[in-house]
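Here are my comments on the model you sent, set out as numbered points. Please read them with the structure open beside you.

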Amino acid sequence: MFGFGLPELIIVAVILLVVAGPSKLPQFGQALGSSIRGFKKAMNGDDVVQINEKKQD
């Protein structure tokens, strides 16, 4: 997928560790996970909002 292999992913992980520091990595993982979940919900159409009209007397 996109030509990324294990060595490239390891290099990206090391750069992220150096730039962000070990204390910020769980926050990045959580944000990435929630972003992916939101994207999947949007693609599946699970976030459809139902609108009910008010009845007028």
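1. The model is a predicted one, and the points below should be read with that in mind. The protein chain contains two helices and zero strands. Of its 57 residues, 4% count as buried, while the accessible surface of the protein chain comes to about 5800 Å², with 64% of that area belonging to carbon and sulfur atoms.

2. Helix 1 is made up of 15 residues, which at 1.5 Å a residue should span 21 Å, and the distance between its end C-alpha atoms, 21 Å, agrees with that expectation. In sequence, helix 1 covers residues 6–20, and just after it G21 takes a positive phi of about 90 degrees.

3. A nonpolar surface patch of about 730 Å² is formed by L6, I10, I11, V14, I15, V18 and V19. As general background, residues three or four places apart in an α-helix point the same way, because there are 3.6 residues a turn. One member of the patch, V19, lies in helix 1, and V19 counts as exposed because its relative accessible area of 67% is over the 50% cut-off.

4. Helix 2 takes in residues 25–44, 20 residues in number, and reaches 29 Å from its first C-alpha to its last, which is close to the 28 Å expected at 1.5 Å a residue. Just after helix 2, G45 adopts a positive phi of about 80 degrees.

5. Which residues does F28 contact, once its neighbours within four places in sequence are left aside? F28, which is found in helix 2, is in contact with L16 and A20. With L16, the separation is 12 residues in sequence and 9.7 Å in space, taken from C-alpha to C-alpha. F28 is nevertheless partly exposed, because its relative accessible area of 43% falls between the 20% and 50% cut-offs.

Methods: Residues numbered from 1 in each chain as written. Predicted model: local features only at pLDDT ≥ 70, side-chain atom pairs only at ≥ 80, totals over all residues. Heavy atoms only, no water. Helix = DSSP H or I, 4+ residues; strand = E, 2+ residues; numbered from the N terminus. Buried < 20%, exposed > 50% of the residue type's maximum accessible area, 1.4 Å probe, protein only. Areas by Shrake-Rupley, 256 points an atom, 1.4 Å probe, with all protein chains shown as cover. Expected span 1.5 Å × (residues − 1). Patch = residues over 30% accessible without salt bridge, like charges linked within 9 Å, V, L, I, M, F, W, Y side chains within 5 Å. Salt bridge = Lys/Arg side-chain N within 4 Å of Asp/Glu carboxyl O. Contact = heavy atoms within 4.5 Å.
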